[in-house]
Each structure stands twice: as C-alpha cells, then as structure tokens.
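This briefing covers the fold of one chain and a helix pair in another. The points are grouped by topic after a short lead.

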Amino acid sequence: MTADQARSSIAATFGVEVTAAVPMVVTVAPDRWEELARFAKDTLGCRFFSFLTAVDWKEQGLEVVVKVDNLDDNVALLLKTRLGPGVSACASLTPVYRGANWMERECFDMFGIHFDGHPDLRRILLEDTWVGHPLLKSYAVDTPHPPYR
Amino acid sequence: MDWSGPERLQMNMGPQHPSAHGVFRAIVTLEGETVVAVDAVIGYLHRCHEKLSETLTYAQYPSIASKTDYVAAMTSEFAYVMAAEEIGKFEVPKRAQYLRVIVAELQRIASHLLWLGTWCMDMGGALGGGATIFLYCIRERELVLDLFEALVGARLLYGFFQVGGTRYDIPDGWAQKCRETIDLIEGRIDEYEQMLERNAFFLARAKGVGIVSRELAQDVGIAGPLLRGSGIDYDLRRNAPYSSYQDFDFRVPTEKDGDCFARYRVRMAEFREAITIIRQALDKLPSGPISSRPALKSVAQIRIPKGEAYARVEGPRGEVGSYIISDGSAKPYRMKWRGASFSNLAILPLIIPGHKVADVVAIMGSVDPVFGEVDR
C-alpha cells in the first residue's frame with residue numbers, strides 16, 4: 001500500500017481530509033478514535049506503534065496524538081483527535097496496540113487524560129501522591145511540590 | 001495479588017540494582033525460581049524534559065537534549081535540531097551533514113561498547129570472572145570519548161549540534177586520529193566475538209532467552225537492534241534517510257531468532273557497519289561551511305514559523321524522535337520526546353514471565369535501556 005492509496009482509503013472510510021505531509025496527519029472525532037486505530041493497523045498495515053502523546057491547546061482543550069508506521073511500505077501516520085474544551089476522557093488504544101499501555105499511562109500522568117478501557121491506568125513517571133499534571137499549560141513550571149520548593 | 005495456587009513470592013529488584021544500569025525497580029512475582037509477573041517501576045530520573053523544553057529556546061535546548069540519553073548524547077541532540085530545521089525549512093550544509101553522520105556513528109560505537117561491557121558483566125560468573133569484557137570495552141570506549149573531547153571539549157554531554165548545522169568543525173589531525181581509532185576498534189571487535197562465542201556459558205545464557213516475536217516487536221514499538229533482532233529489516237538510515245545517509249553504502253544486519261543472542265549479533269554487526277560509514281564519510285568529507293545560520297549571539301536568535309514536525313534518527317537504541325509544535329516564537333509550544341529506551345523497556349513485562357529469575361538480568365541487559373531516556 002502506497003502513501004497515496006492509504007490517504008484515499010482513509011478519506012473514503014472516515015470522510016476527513018488527510019494532509020500530504022510526512023507523516024500524513026489524520027484528525028477524527030473522539031468517538032471514532034479506536035475505530036481509526038484499528039483501521040490503521042488492520043487495513044493500512046501500520047503495525048508499528050511509535051508513540052502516543054497529547055497537546056494542551058488551552059481553552060480549545062486537549063488533543064491526543066498517535067504515530068504509527070507501516071514499516072514494509074514506509075507509510076507513516078499521525079493520528080489526532082480533539083477531546084474538546086474541558087474534556088479529559090478518551091478511548092484507550094490498548095486493545096489495538098499493546099505499546100499504548102505505557103504511553104497512555106504517561107499521558108495520564110502528564111495530562112490527566114483518563115483512557116477508558118485501559119487495564120492499569122496509574123501514574124508511571126511521577127509518584128502516586130503527586131498533585132497535578134505537569135504538561136498542562138495551566139501547571140506553572142515553578143509549581144512548588146512539598147517538601148521541595 | 002492472588003495468593004491461591006502454588007506458593008508465590010514477591011521480590012524487589014532495585015531501584016539500586018547493579019544490572020539496572022541506572023535506577024529501575026522491578027517487582028518480580030516468583031513461583032519457585034520462575035517469574036510469573038513483572039511490574040516495572042520507572043521515573044526515578046524524571047526531569048520532565050518536555051516541560052523544560054517549553055521554557056528553553058531552540059538555541060538553548062540542544063545541549064540539554066543530550067541529557068536524555070546520556071550514553072548516546074549526540075543522537076538526542078540530532079533528533080531535536082532536525083525537527084526544528086524541518087519546521088523552519090533551514091538548509092544544512094553538506095559538510096555539517098557529514099560531520100553529523102561521523103559523530104552519530106562514533107556515538108553508536110561508544111554506546112554499543114558500553115552495552116556489551118555492562119551486559120557481559122551482568123552475566124558475570126558465566127564469563128569466567130565477569131569484569132574482563134567490561135574493562136576491555138571501557139578501554140575502547142575511552143578512545144572514542146577522547147575523539148569527542150578533542151572535538152567539543154566534553155566527554156559525555158556535547159552540545160555539538162545546533163539548528164542549521166554543527167557548532168564545531170573538526171580540528172587539524174582529528175580525521176587521522178579517528179581513522180586510527182576505528183581501525184583499532186575493528187580488530188578488537190573480532191577479539192570480543194572470539195571470547196564470547198566460544199564460551200559455552202555465554203551461549204547457554206543468551207540463546208533462546210527472552211524471545212520477542214515479530215508481531216509483538218511492532219505492536220509495542222520496540223526499535224533498533226531489538227526490532228532487527230526479531231527479523232524485521234528496518235533501519236531509518238536506509239528506509240527514511242536523513243543527513244545524507246543515502247550517500248553511504250552499508251548493510252542493515254538482521255537476525256531471525258528474536259532472542260538475546262540475536263540482539264547481540266545485530267549489535268556486533270552494527271559496530272562494523274558504523275566503522276564502514278565513518279570511513280566513507282571521512283573519505284568524502286566535503287569542504288565548506290558547517291552551519292547555514294549566523295553565529296549565535298543571543299539565546300532567542302532562532303525563530304521558526306508556526307507549524308509542527310516529527311523528526312527521527314536511528315540511535316544506538318532505535319528510533320529517537322522529537323515531535324515539535326511551534327507557535328512562531330523562539331521556544332517550542334510543545335515538544336514530545338520519543339525515547340527509544342521507553343518503548344524498548346515496555347517489552348519487559350511481556351517477555352520476562354516464564355523465565356528463571358537469573359534470566360531477568362540477561363534479558364534486561366539485552367534490551368540496553370538508558371534510564372535518562374526512559375524517564376526523560
């Protein structure tokens with residue numbers, strides 16, 4: 001499957017614009033998030049799970065970003081979904097990619113996003129007693145954390 | 001915890017365990033000598049590089065990026081500046097591209113040497129005393145660090161890369177010294193192979209241990225020698241060339257078995273490929289400027305337009321990537337760091353169960369995690 005075939009295939013199935021950049025960017029609504037991941041893996045052959053992260057767009061809310069690759073045909077996909085203002089829940093991709101397990105835990109740790117269906121959602125890098133989610137734009141860099149200042 | 005069934009024991013490895021090569025805690029559940037579950041506890045070295053990068057400019061952060069994977073500092077800087085260059089559409093002069101390739105491959109040699117030494121020391125007793133290979137490897141790694149010291153003045157964290165090129169050019173006589181060093185290391189690699197591959201204990205501990213299937217490797221997103229050790233012929237330097245890698249002839253070593261020995265074989269072959277690439281780059285090194293940007297006079301000098309880019313390089317541990325979102329200021333709006341070690345380490349809870357407790361150390365070492373990069 002070439003990049004062009006992948007692009008038209010996504011556009012036909014999800015009815016969204018796909019950019020021509022590398023990696024190509026696909027944005028869908030949160031309710032089709034898991035479906036998109038499954039489509040990328042099963043139909044487009046993007047079996048390599050590169051990373052999952054989020055971006056805090058302040059008043060526009062959080063966006064979850066995932067990169068997957070088809071290593072055989074060199075097709076790279078950047079999947080995105082906007083959760084909407086004030087929303088911090090998203091479908092988990094752990095049933096599709098096992099690599100999403102730790103990445104979603106990190107995302108929960110840093111952004112406070114609750115991934116529905118994650119088998120073991122707890123903090124991974126920070127300690128369990130940490131207050132707040134550091135990568136949110138509302139979290140100041142110099143936020144004191146007792147006993148450290 | 002389920003206490004029904006056979007008697008189980010929870011054992012704590014770390015956070016200060018010699019085989020962890022850093023700070024890592026594994027809570028291992030045992031049935032007799034057999035591991036049934038592993039819970040990996042990470043984060044001891046967490047400095048939140050991603051938040052930090054939002055406070056530092058494109059001129060400042062590259063030298064901090066080297067502190068993520070401090071065993072391969074050059075590759076971390078590489079990924080970050082490439083992402084910034086992609087958004088800003090900055091040209092990188094040919095000479096700078098070649099210099100980047102040379103230091104990245106030297107770094108691969110240094111990193112693999114440290115891996116080989118420490119991994120063999122972890123499996124200690126099996127190698128007739130343990131520290132032998134470690135000391136040999138450290139001896140050779142020092143030679144590579146000497147080259148870096150002559151180049152940038154630092155031995156571990158370099159700050160060699162900057163957006164638009166490199167900060168330093170090679171000094172007089174450096175190329176000759178570099179050739180002599182890689183010639184010497186090439187011969188020593190043969191010696192290590194003879195020492196290890198004729199050692200029945202080494203083979204017994206490495207072969208058939210910690211098998212990662214092709215399917216699992218991709219699903220978790222492990223990269224580099226682990227991916228190629230599982231039979232997937234994929235290397236960014238060849239499949240998605242950057243920084244003029246297409247100018248060089250080299251082989252991408254792969255192994256089918258997916259066990260610790262396969263990963264060892266891939267890395268041993270990568271030593272030789274790295275040496276080949278360095279020789280070609282030194283032979284063909286073009287003259288010209290080393291940076292397309294004016295010399296840095298202030299920290300906020302580099303501004304890149306709005307946009308986003310994901311740049312990745314093939315580090316010693318696999319795909320090291322930097323995903324930058326720029327809002328047009330001198331600092332990134334958001335920077336995601338894809339550390340190869342984080343994804344590689346995530347494979348441990350999936351492959352260790354079923355092995356004996358002594359194999360935990362062998363498998364963990366074969367993954368080659370660097371905890372600065374896991375925790376970022």
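In this predicted model, helix α1 (residues 3-14) of chain A lies across β1 and β4 of chain A, and runs at about 10° to β1(A). Helix α2 (residues 33-42) of chain A also packs on the sheet, where it touches β1, β3 (62-70) and β4 of chain A. The direction of α2(A) makes about 175° with that of β4(A).

**The sheet of chain A**

- The sheet is open, has four strands with mixed pairing, and follows the order β1-β4-β3-β2 (chain A).
- The edges are held by β1 (24-28) and β2 (48-56) of chain A; each has a single partner strand, so one side of each is left without a neighbour in the sheet.
- From one strand to the next, the twist averages 20°.
- Strand β4 (residues 75-84) of chain A pairs with β1(A) in the parallel sense, over five bridges.
- Within this strand pair, Val25(A) has Leu78(A) in β4(A) as its bridge partner.

**Overall build of chain A**

- Chain A contains three helices and six strands.
- Read from the N terminus, the elements of chain A follow the pattern α-β-α-β-β-β-β-α-β.
- Chain A is as compact as a globular protein of its length, because its radius of gyration of 16 Å is close to the 15 Å that the globule rule gives for 149 residues.
- Along the principal axes, the C-alpha atoms of chain A fill a box of roughly 55 × 30 × 25 Å.
- Of the 149 residues in chain A, 44% are buried.
- For contacts in chain A between residues at least 6 apart in sequence, 52% join residues at least 24 apart.

**A helix pair in chain B**

- Helix α6 (residues 174-197) of chain B and helix α11 (residues 260-284) of chain B have axes that come within 10 Å and cross at roughly 160°.
- The crossing angle is over 145°, which makes α6(B) roughly antiparallel to α11(B).
- The crossing of α6(B) past α11(B) is left-handed.
- On the α6(B) side, the contact is made by Ala175(B), Cys178(B), Arg179(B), Ile182(B), Ile185(B), Glu186(B), Ile189(B) and Glu193(B).
- On the α11(B) side, the contributing residues are Met268(B), Phe271(B), Arg272(B), Ile275(B), Ile278(B), Arg279(B) and Leu282(B).

Terms used
Residues are numbered from 1 along each chain as its sequence is written. Chains are lettered from A and ligands numbered from 1 in the order in which they are written. This is a predicted model: local features need pLDDT of at least 70, side-chain atom pairs count only at pLDDT 80 or more; totals for chains, interfaces and linings use all residues. Helices (H or I, at least four residues) and strands (E, at least two) are DSSP runs, numbered from the N terminus. The radius of gyration is taken over C-alpha atoms; the globule rule is 2.2 Å times the number of residues to the power 0.38. A residue is buried if 20 or more other C-beta atoms lie within 10 Å of its own, exposed if 12 or fewer, and partly exposed in between; C-beta atoms are placed from the backbone. Two residues are in contact if their C-beta atoms, placed from the backbone, lie within 7 Å. Two strands pair if DSSP finds at least two bridges between them. Axes are lines fitted to C-alpha atoms, for helices over the stretch in contact, and angles run from 0 to 180 degrees between N-to-C directions. Angles under 35 degrees count as roughly parallel, over 145 as roughly antiparallel, 65 to 115 as roughly perpendicular and the rest as oblique. A crossing is left-handed if the near helix is turned anticlockwise from the far one by less than a right angle, and right-handed if clockwise.
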